[in-house]
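Visitor: I've got a few minutes before my gel finishes. Could you walk me through this one?

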Amino acid sequence: MPPEHAEVQVRAGSEADLEALTDIYNHYVRETPITFDTTVFTPEQRRSWLRSHPEDGPHRLLVAQDVRFVDTNPAVGILGYVTSSPFRPKAAYSTSVEASVYCAPTAAGRGIGTLLYKALFEALESEDVHRVYAGVALPNEASVRLHTRFGFRQVGTYEEVGRKFGRYWDVAWYERPVNI
Ligand SMILES: CC(C)(COP(=O)(O)OP(=O)(O)OC[C@H]1O[C@@H](n2cnc3c(N)ncnc32)[C@H](O)[C@@H]1OP(=O)(O)O)[C@@H](O)C(=O)NCCC(=O)NCCS
């Protein structure tokens, strides 16, 4: 069981986190339709993704870690992570980002997602970001509730937009102003 929130630190992600973050992501790639990636990654294959989220700017990577390990072992006690990434590549979309959040499987349902989103939105307030989007493959009650709690509004659903595990999945799109 993960520790209480006072014992969790949210910090910028770094290359030392690469293996732990890849492990978390691969769990959802392998076991769930939550992400539409269908084959697992090696840490090396995720390095460019990690490097595309520097410590400042609109495209962030924040990591929740058990504080007992923050100074001693950056690879241990990683409870989850959140990113803001480019929404679309064309220039006029630069004020929009897509948020993505993953808890370690053993750390889900204990407030870590809430902590990560809170930190992400605080960080984005000082950036030139106007709108945040999130795509939620359905069903995913925890994610729908998290986005609703953070003031996201569902703006539509792409029906049967992805195929994984031999069936089609809908994706609900959520939108939120950075400042609400
Ligand atoms: C979605 C996720 C990030 C939410 O983070 P979390 O730490 O589990 O959620 P929190 O404990 O902060 O709770 C946030 C809300 O989700 C609800 N919730 C959490 N786990 C839930 C579950 N298993 N079933 C239903 N609701 C759940 C909480 O009750 C809370 O709702 P409320 O605000 O209405 O009270 C996390 O569950 C996760 O990593 N899931 C797998 C990956 C994923 O789905 N990522 C999102 C992709 S769009």
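Guide: Sure, here are some questions and answers on this predicted model.

Visitor: Let's start with the ligand. How many residues surround the ligand?
Guide: A residue makes the list if one of its heavy atoms lies within 4 Å of the ligand. The closest are Val101, Gly109, Gly111, Thr114 and Arg149. The full count around the ligand is 21 residues.

Visitor: And which element gives the most to the shell around the ligand?
Guide: Strand E4 (96–103), helix H3 (112–124), strand E5 (131–137) and helix H4 (141–149) each supply at least two residues of that shell. One of them gives the most, with six residues, and that's H4.

Visitor: What does the shell look like by class, and how many of its residues are charged?
Guide: Nonpolar residues account for 10 of the shell and polar ones for seven. The charged residues number four.

Visitor: Which residue has a polar side-chain atom 2.7 Å from an oxygen atom of the ligand?
Guide: Let's go through the polar contacts, where the cut-off is 3.5 Å between N or O atoms. Val101 uses a polar backbone atom, 2.7 Å from a nitrogen of the ligand. Ala142 also uses a polar backbone atom, 3.4 Å from a ligand oxygen. The side-chain contact at 2.7 Å to a ligand oxygen belongs to Asn140.

Visitor: What percentage of the ligand's accessible area does the protein cover?
Guide: The space taken by the ligand is the largest pocket. On its own, the ligand has 910 Å² of accessible area. The part covered by the protein is 76%.

Visitor: On to salt bridges. How many residues apart are Glu15 and Arg51?
Guide: The model has 10 salt bridges, and one of them joins the side chains of Glu15 and Arg51 at 2.7 Å, N to O. Glu15 is in the loop between strand E1 (8–12) and helix H1 (18–31), while Arg51 is in helix H2 (residues 47–51). This pair links distant parts of the chain, and the separation is 36 residues.

Visitor: Any backbone oddities? Which peptide bond is cis?
Guide: For phi, look at Glu160 in strand E6 (residues 153–164), where the value is near 50°, positive in a residue other than glycine. For omega, look at Pro139, in the loop between E5 and H4. There omega is near 0°, and the cis bond runs from Leu138 to Pro139.

Notes
Residues numbered from 1 in each chain as written. Predicted model: local features only at pLDDT ≥ 70, side-chain atom pairs only at ≥ 80, totals over all residues. Heavy atoms only, no water. Polar contact = N/O pair within 3.5 Å; in protein donor to acceptor, adjacent residues only side chain to side chain. Areas by Shrake-Rupley, 256 points an atom, 1.4 Å probe, with all protein chains shown as cover. 1 Å grid on protein atoms, 1.4 Å probe; cavity = no way out; pocket = protein on both sides within 12 Å on 5 of 7 lines; lining within 4 Å. Sits in = over half its atoms within 2 Å of the grid points. Helix = DSSP H or I, 4+ residues; strand = E, 2+ residues; numbered from the N terminus. Nonpolar A, V, L, I, M, F, W, Y, C, P; charged D, E, K, R; others polar. Salt bridge = Lys/Arg side-chain N within 4 Å of Asp/Glu carboxyl O.
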